[in-house]
Structure formats: C-alpha cells, structure tokens
Amino acid sequence: MPTVTTAVRSGKTALARRSVVVTAVLGVVAFAAFVLSMMVGSVWLGAGEVLGSLFRVTVDRGTDFIVLDLRLPQATSALTVGFALGVSGTLFQQLLRNPLAAPDFVGVSSGASVAAVAGIVVYGAGGLAVPAMAVVGALVSAVLMYVLAFRDGLSGYRFILVGIGVSAFMIGVVGYLLTRADLHDARQAMHWLIGSVGQAGPTELRVLMVVLVALVPVAMLLQRQLRALELGDDLARGLGTRVEWARFALIALPVVLIGLATAVAGPIQFVALVAGPVAARLLRPAPGGVLAAGFTGAAVLLMADMVARHVLPTELPTGVVTGAVGAPYLLWLLATANREGVGG
Amino acid sequence: MTGRLRAEQLSLGYDDRNVLEALDLDVLDGRLTAIVGANACGKSTLLRGLARLLKPRAGRVLLDDRSLQDVGTREVAQVLGMLPQTPVAPDGITVGDLVSRGRHPHQGWFRRWNAADEAAVAKALTATGTQDLVGRPINQLSGGQRQRVWVAMALAQDTELLLLDEPTTFLDITHQVDLLRLLRDLNADTGKTIVVVLHDLNLACRYVHHLIAMADGRVVTEGPPAEVVTPALVEKVFNLPCVVVPDPVAGTPMVVPAEN
C-alpha cells in the first residue's frame, strides 16, 4: 500500500508539473510572439528597444512612438483576442467532448456576424454599435442553439449538429444582407467579416481586456467542474456536480468571450478551433488547461497577424491567414478525430 | 450518514412514457444485491432513479430517511457512488488521473487534494488490482482492465453505497466472473452496500446475496437467489420455459433453458 500511495502521489505530481511547465513555456512563447510582432515592420527594432520602451526603462521619443503608438495597439489586440479565442474554444471542446465544437464552428461567431452585418447594412451602424451588436448576436445564437439542442441534457453531437445548422442559416442571412446592401456598406461589411486584429478600436479592446481579466480566473475555477463533466453527465452528477448549472456557466463564459473577441476583431476563423487541441496535445497526459489554450491562441494569432502584415506581398486581413492555415487543420481533424474514437 | 436507501411509491419515466409506477423498495444494508430482468423492464431506470440521475415523477427516494431531492448533490455523492453503463474516458487520460476524479465530491473550491485523497485512491487501486497500471493511459487497456479501473474510480469516491449499471456488459465470461468476484470481495471486506444491474441470471445467482427480479416496471419478487429463483419466476420475468438445477460448484440455482 505505501508504494501504491507513492505511485499515486508521484503520478499526480508529474501531471501537475507537466501542466505548469507546458503552460509556462506556452506563456513565454506567446510573450515572445507579442514582442516579436512589435519588432518587425517598416522600421526594424531590437527586442531590447521594444522591451525598454514597453516597460518605460528607456526613453526615446522615436522608438516610443513606433512601439507604443503604432504597434502596441495591434499587438495587444492580437494577444487578447487570441487569448480569448483560445480559452473559449477549449472550454467548448472540453465541455462537449469534441474537438469540432469550437465556437466559430458551431454558429456563435456567425451569430455575431449576422448582427454586425445587419447593423452595418440595414442601419448604417458604425463605431461602437457594430461590436455591441456582435456581442448580442453571439448571445442570441448561443441561446438559440442551447434551446434547440437541449433534450434531457445536452449531448455534444446534437449541439454540434444544431450549431452547424444554425451557422449555415446565419451565413445564409449574411449573404442575403450583403446582396441587398449598397456597394460601400457591403465593402465595409466584407472587411469586418474576414476579421482583422488591426480594426480593433481602443474602447472595445479595453472592454475585452477587462472582461478577460475578470473571466479567466472564473474559467480556471470552473475547470474543476469541467474535469467531472468530461466524464459524462451521469458520472458528473454521481460525483456531486450540479451539472446544469456548471454547464450553463461553461457555455455562457466562452460565448461572452467569443462575442467580445468577435466584436474587437471580427469573426477570425480557426484560432478557437486550433488552440485547444494543440495545447492539449502538448499537455498530455495532463488534462487540457484554460491558460495553456489561451497562450496558444494568443501565439497563433500574433504569428498569423505577422504573416498577414509582413510576409505576404500585400497586407492582408488576419482572418485570411488563419483561414488558410486552419482549413487544412480542420480537414485533418475531420479525417482523424472520430477514427480515434474521441468524439462526444 | 450510513447510506440506507429506500424507494417509496417511486414513479419514473422519460418524456411521455412511464417506466416505473409506484414502486416500493428497500435496499438491504451491507449486502450485494442484483437487479435482474428482461431488456426494457426498467432495471436501469430504477438504478438511475435510486442514484438521483432521474427525477421522480411521483414518490421519492430516501437516503437515511431524507428525500434525495432535498439533500445537496455533493452530500449525496459522499455517501452514494454510481457507475453508469459504458462510461467514456476523456482522451489520453491516465489510470491514476481517472481514479483520482472519484475524489471530486470530497474536494471543493478551497479544499484541495491531500493525503486522505491519496490514500483513498491507493486503496481503490489495490482493491481492484489495478495498482500497477497507475501511469498507463486508459485507452491502452483491455476491456476487463478498463472496467476494473472504472470500479476503482467509484471506490475512490469512498461511499457506503455503490450502484453499478450493467458493469459486465461487453466483457467476456472470464472478466464477468472476475468482476463479480471483485464486487463480492469488496462487499465482504468493506461491508459496502452494493447494488448491481445484471443481465446474466446465473452469474447473479452465483455471486449476490439478494435478487430483485423485475418485469414491466414492477418488482416481481425479491429475496436470496436460492429461495426465489424458480422455473415459474423465470417464465414470468424472462418469458423463458426452463429447468432450475443446482450449480454443480456452488449449489446456487442455475437456469437451463427447456426445449419447447
């Protein structure tokens, strides 16, 4: 028995250590990508110059202007949006026990899109009204899916299928709205629809940051419920979890995050889908973590944004790059996920 | 709490279909009980009702004379453990991690993992003979080993009562016998009350103390297998004409189908 206890303890410690180390490394990678994204551009800066300016260690008007005024807003936008996407993606995927259950895949982002495009095209909305409508759209579409998919509990597959249906419907509505729009509005809507971290306004970004700071600790606390819920509803209830309440919180939280992230940067595709599984693969055999997925999402989006702005001959919206990288990954997931028997 | 479980005028069902109506049942303390019956007779439904996974349509389930609906779900989970039919493990999870999840009801926002949890997990692993698998991923185990690990998880919950829904499904005969022996030994060693839904009447007769036979959502009869298992009962419960002979090894009743 003592040896078994030791084995249990060392197994537990090993998992905890792996989780901390991998999360820390991902955090460093995300921060490195954050700094790197402020180094590249028409004027190249050294890492020291960026860090010095960022932390107010050195004072140099020119450098400060480039770093703090020109590049920091976009880098911060990519960091926070990526983090929010990663966190909400992994919560959905773990809750519904399916790697396809990313919020952008099951109609939350498309709900946000419909509301935003309707705002631009029908009401000629601009400024803060567009992101506000996007948040409302995300919430409405999430409620719609929850109601449609709920029958004596929530099954992962039903939620995903309903989500894909809702998503298709919303995309149809977006298409209809665009054909009715005049050219200027349609252009503006199209730009919003592709998603770009550069379009973030300071106010929306600040709202997202505050919400992120408030909700990420909540998400980390909810991980305890998630560990029970991922064993299935019956076992989770048997283990003393208030299943309906926990599930509601675990759906509401990512929906708010994804709604705000969409409000800031438009419906950026695939980051939420990719971040969770990548982090989970790195963490394995430790269970998937909220922070690790957030850092992964941030790093992915920062790098995608750098590619979009600097590597390609013309500057592109970020969504084009994440889409180009994400689509093959999605195909690979579809081809392998259920073969391994990991579906919901 | 001692974990005495009782159903009073319990009615259960799904959607517009009633499965059980006004059922009364006392779970025997400290005994190994099997619920048997034909497919769709309501035995799993009854177990789910007893484990508060289904809300009663009428009547109630009493745990130590308190209605299950009135006791906090976490408090229930410290007394009553439940292993559902064919649970699914998260991808890539290790045996140690999965069994540790059984400690969930004993932890909270502020009460984190401690030595008592470790001891309970070690005990559960040892009792089920899975202690050498601690670091192995679940999906690399055989069906029999996997089922033992699930039982270990339920044991780690450290409850007076343990309900298992068809734990022998998908196991070959060796592993079925193996699992029932495990349950019998657990009952003998710890005095836990164990209720198990079983398909195989002969295995149930051989290993359990008490048998509850169900048909059409009602309890047809209950008692020690040697007293209640008769050709008339089997005919009534399973609609199978048969001969009942003593098991050549244990002397318990053994059902042999008759030729029409």
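**The interface of chains A and B, and the two domains of chain B**

Let me begin where the two chains meet: across the interface of chain B and chain A, 10 residue pairs, both members at pLDDT 80 or more, are in polar contact, a term for a pair of N or O atoms within 3.5 Å, where within protein one must be able to donate a hydrogen and the other to accept it, and where residues adjacent in sequence count only if both atoms are side-chain atoms. The elements of chain B that each give two or more residues to the side touching chain A are α2 (73–77), β6 (80–83), α3 (95–100), α4 (115–127) and α5 (143–156), with helices (H or I, at least four residues) and strands (E, at least two) taken as DSSP runs numbered from the N terminus. Of these, α4(B) gives the most, with 7 residues. By class, that side of chain B divides into 19 nonpolar, 11 polar and 10 charged residues, where Ala, Val, Leu, Ile, Met, Phe, Trp, Tyr, Cys and Pro count as nonpolar, Asp, Glu, Lys and Arg as charged, and the others, Gly among them, as polar.

I should say early that this is a predicted model, in which local features need pLDDT of at least 70 and side-chain atom pairs count only at pLDDT 80 or more, while totals for chains, interfaces and linings use all residues. Residues are numbered from 1 along each chain as its sequence is written, chains are lettered from A and ligands numbered from 1 in the order in which they are written, and side-chain values use heavy atoms, with hydrogens and water left out.

Staying with the two chains, 40 residues of chain B are in contact with 30 residues of chain A, contact meaning heavy atoms within 4.5 Å. The area buried between them is about 3,100 Å², and carbon and sulfur atoms give 61% of that area; buried area is the accessible area (1.4 Å probe) that two parts lose on being put together, summed over both. On the chain B side, B:Arg101, B:His104 and B:Trp109 lose the most area to chain A, together 22% of what that side buries. There are also 4 salt bridges between the chains, each a side-chain nitrogen of Lys or Arg within 4 Å of a carboxyl oxygen of Asp or Glu, and B:Glu118 and A:Arg9 meet through their side chains in a salt bridge at 2.7 Å, N to O.

Turning to chain B itself, the domain assignment, which is automatic or from a database, gives domain 1 (1–79 + 160–179 + 187–260) and domain 2 (95–158). Their C-alpha centres lie 25 Å apart, and their contact takes 12 residues from domain 1 and 13 residues from domain 2. About 1,000 Å² is buried between these domains, 59% of it given by carbon and sulfur atoms. Between them the count is 1 salt bridge, and the side chains of B:Arg148 and B:Asp178 meet in a salt bridge at 2.9 Å, N to O.

From the record, an unreviewed UniProt entry, comes "domain: ABC transporter" for residues 5–241 of chain B, although such annotations may be inferred rather than shown by experiment. Over that range the chain is 35% helix and 25% strand, with its end C-alpha atoms 34 Å apart.

Two local details remain. Most residues other than glycine have a negative phi, and most peptide bonds are trans. B:Gln9, in strand β1 (residues 5–14) of chain B, has a positive phi near 45°, and the peptide bond from A:Arg284 to A:Pro285 is cis, with omega near 10°.
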